[in-house]
Amino acid sequence: QKSKQQPINPRLMAALGLALRRKQHEWAESLLAPDCAFCDVSVEVGGRRIAAVSALLAAASAPFARMLFGSFREGAETAGKREVRLCQGTAAAFECLLRCCYGLEPLPLVQSDPVGALLAEVFQLADMYDVAPLADECLTHVVADNVLAVYARMLELYGARVPADAEQRIWALIASEPVAVIESAALLDCPVEIVRMLVGCPVLAVNEEQLWLRCVQWAQARVDSEARDRNHNDAVTEKLSELLPHFRFPLMGVEFFADHVAPHIPPEKTVEVLTFHLLGRPTSFPREWRDRPTVVAASVDLPNASKLACGDQNAQWALPWCDSAPQSVVLDFQVPTTVDGVTLGVVHKAWNLVRLELQRRATDEPDTEWEPVHKWEMDTVLVEHATTFAAAKSRWWRLLVWSNAGQDSWGSPPSLTGLRFNVVDKEFTLPSLGN
């Protein structure tokens with residue numbers, strides 16, 4: 001007579017699984033011991049010799065598999081143990097890679113590194129030896145506090161050839177948390193190339209005055225670290241000179257500019273900026289907002305239309321009655337931008353209908369036709385109106401407004417007092433290391 005099969009106890013199986021994982025972890029940790037009997041290869045890296053299990057290295061990394069078991073095996077054997085020398089990488093970074101190959105938590109050393117530069121060293125080694133899970137894990141530990149230190153170390157290791165996926169993720173983080181990045185302690189230790197890229201980044205959504213003050217602190221820190229014999233203020237001014245073309249001085253307040261900027265820039269540049277502020281004369285410095293679209297055209301009252309896009313709370317774009325031919329405003333986001341909604345502040349001192357249409361231009365070519373994205377209507381007297389639509393991407397956007405006076409109209413035509421886009425994503429070209 002066949003015995004009945006006993007049902008599996010889930011709690012018992014879970015306990016057995018936990019015990020097995022604990023034993024596997026203990027065994028993997030034992031492989032890290034210098035005198036482990038299972039280690040059959042000695043890896044020389046960063047001036048140290050580290051014992052390793054060749055089979056586990058080869059299983060996790062195709063380059064190590066070719067190096068240790070391929071037709072052109074590297075290294076020599078001494079006392080039954082192969083010796084391999086790595087020309088690049090540090091011992092700490094290789095230990096992290098080794099932990100990953102053994103199935104252990106790979107980044108305990110990195111997590112205890114306050115600067116974060118070790119992350120870049122581990123990433124380079126994982127990238128070099130094709131250990132993709134470790135490379136991805138490294139990038140998940142890059143945060144606003146350490147991203148500049150990681151990027152600086154990557155530039156040292158790779159030169160100007162940082163892997164595109166890593167560089168894109170680094171700049172996406174910088175663009176998403178710009179204030180935290182520029183306020184991080186790591187900024188003060190950055191090389192001038194990175195600071196120049198930050199200042200020149202068109203989507204770095206920070207206050208221009210705040211950015212200038214942090215760059216002055218960066219220059220002072222660099223001068224202090226170099227211990228120059230010359231005048232301290234002159235040395236700071238020299239450091240800042242490489243950044244000047246990228247600053248948006250016209251966006252700063254006149255008083256701030258006079259007190260904090262003028263002492264560090266050439267007199268002729270001071271005159272240029274002040275005459276722009278006081279007399280409206282042309283300037284060679286950028287005038288586009290980093291974090292907001294720029295109004296490049298408006299059917300009426302361009303100055304007040306521009307204030308709308310800048311978020312000026314006192315802006316009021318007054319429109320005439322326009323039934324057949326709409327009033328329009330064209331905005332340049334500087335980079336392709338995905339939006340899925342618009343919020344308008346509207347003062348409508350009449351009971352007549354206001355019709356609106358948002359359009360985009362698919363390419364940067366000026367003769368490209370405008371494509372409709374969303375149409376909507378409002379008939380409220382005083383309102384802040386938000387509308388949403390399917391996400392669309394473009395650098396160039398145009399808002400059309402119709403207001404019908406009608407036979408029974410009273411009051412005055414509408415005025416827009418706010419124009420805010422709900423930005424989902426921005427696509428931008430990575431800043432250049434050049435001047």
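In which helix is Val-179 found? Val-179 is found in helix H10, and that makes a handy starting point for a walk through this predicted model.

**Around Val-179**

With a relative accessibility of 39%, Val-179 counts as partly exposed. Leaving aside residues up to four places away in sequence, Val-179 touches Ala-205, Val-206 and Gln-210. Asn-207 is 28 residues from Val-179 along the chain, and the C-alpha atoms of the two are separated by 8.6 Å.

**The chain as a whole**

Let us step back for a moment. The protein chain has 16 helices and 11 strands. Of its 435 residues, 43% are buried. Contacts between residues at least 6 apart in sequence are a useful guide to the fold: 71% of them join residues at least 24 apart. The chain exposes about 22,700 Å², and carbon and sulfur atoms supply 52% of that area.

**Helices H8 and H12**

Helix H8 covers residues 147-158. From its first C-alpha to its last, H8 reaches 16 Å, close to the 16 Å expected for its 12 residues at 1.5 Å a residue. Nine of those 12 residues are buried, so H8 is largely enclosed by the rest of the structure. The buried set consists of Val-147, Leu-148, Ala-149, Val-150, Tyr-151, Ala-152, Met-154, Leu-155 and Tyr-158. These residues pack against helices H6 (117-128), H7 (132-140), H9 (164-176), H10 and H11. After H8 comes Gly-159, which has a positive phi near 70°.

Helix H12 (residues 208-226) can be checked in the same spirit. Its 19 residues should span 27 Å at 1.5 Å a residue, and the C-alpha atoms at its ends are 27 Å apart, so the two values agree. The buried residues here are Glu-208, Leu-211, Trp-212, Arg-214, Cys-215, Val-216, Trp-218, Ala-219 and Val-223. They pack against H10 (178-182), H11 (192-200), H13 (232-241) and H14 (254-261). H10, the home of Val-179, is thus among the packing partners of H8 and also of H12.

**A covered strand**

Strand S8 takes in residues 354-361 and is mostly covered, with six of its eight residues buried. What strand is joined to S8 by eight bridges? The partner is S9 (residues 370-378), and the two strands run antiparallel. Within this pairing, Val-354 stands opposite Met-378 of S9.

**Salt bridges**

The count of salt bridges comes to 13. Three of them are set out here.

| Salt bridge | Closest N and O atoms |
|---|---|
| Glu-44 with Arg-49 | 3.7 Å |
| Arg-85 with Glu-44 | 4.0 Å |
| Lys-269 with Glu-272 | 3.8 Å |

Take the pair of Arg-85 and Glu-44, with its closest N and O atoms 4.0 Å apart. This pair links distant parts of the chain: Arg-85 lies in strand S4 (residues 81-85) and Glu-44 in strand S1 (residues 41-45), 41 residues apart. How accessible are the residues involved? Glu-44 is partly exposed, at 27% relative accessible area. Arg-49 is exposed at 52%, and Arg-85 is exposed at 56%.

The pair of Lys-269 and Glu-272 is a local one by position: both residues lie in helix H15 (residues 267-279), three residues apart, or about one turn of the helix. Lys-269 is partly exposed, with a relative accessible area of 28%. Is Glu-272 buried or exposed? At 16% relative accessibility, Glu-272 counts as buried, because the cut-off is under 20%. Elsewhere, salt bridges that share partners join Glu-44, Arg-49, Glu-83 and Arg-85 into one network.

**A nonpolar patch on the surface**

Our last stop is near the start of the numbering. Which residues make a nonpolar surface patch of about 430 Å²? Ile-8, Leu-12, Met-13 and Leu-16 do. Of these, Leu-16 has its place in helix H1, which covers residues 10-30.

Key. Residues are numbered from 1 along each chain as its sequence is written. This is a predicted model: local features need pLDDT of at least 70, side-chain atom pairs count only at pLDDT 80 or more; totals for chains, interfaces and linings use all residues. Side-chain values use heavy atoms; hydrogens and water are left out. Buried means under 20% relative accessible area, exposed over 50%, partly exposed in between (1.4 Å probe, protein chains only). Helices (H or I, at least four residues) and strands (E, at least two) are DSSP runs, numbered from the N terminus. Two strands pair if DSSP finds at least two bridges between them. Patches are made of residues with over 30% relative accessible area and no salt bridge: like charges are joined within 9 Å, nonpolar side chains (Val, Leu, Ile, Met, Phe, Trp, Tyr) within 5 Å. Accessible areas come from the Shrake-Rupley method with a 1.4 Å probe; for residues, only the protein chains shown count as cover. A salt bridge is a side-chain nitrogen of Lys or Arg within 4 Å of a carboxyl oxygen of Asp or Glu. Contact means heavy atoms within 4.5 Å. The expected span of a helix is 1.5 Å times one less than its number of residues.
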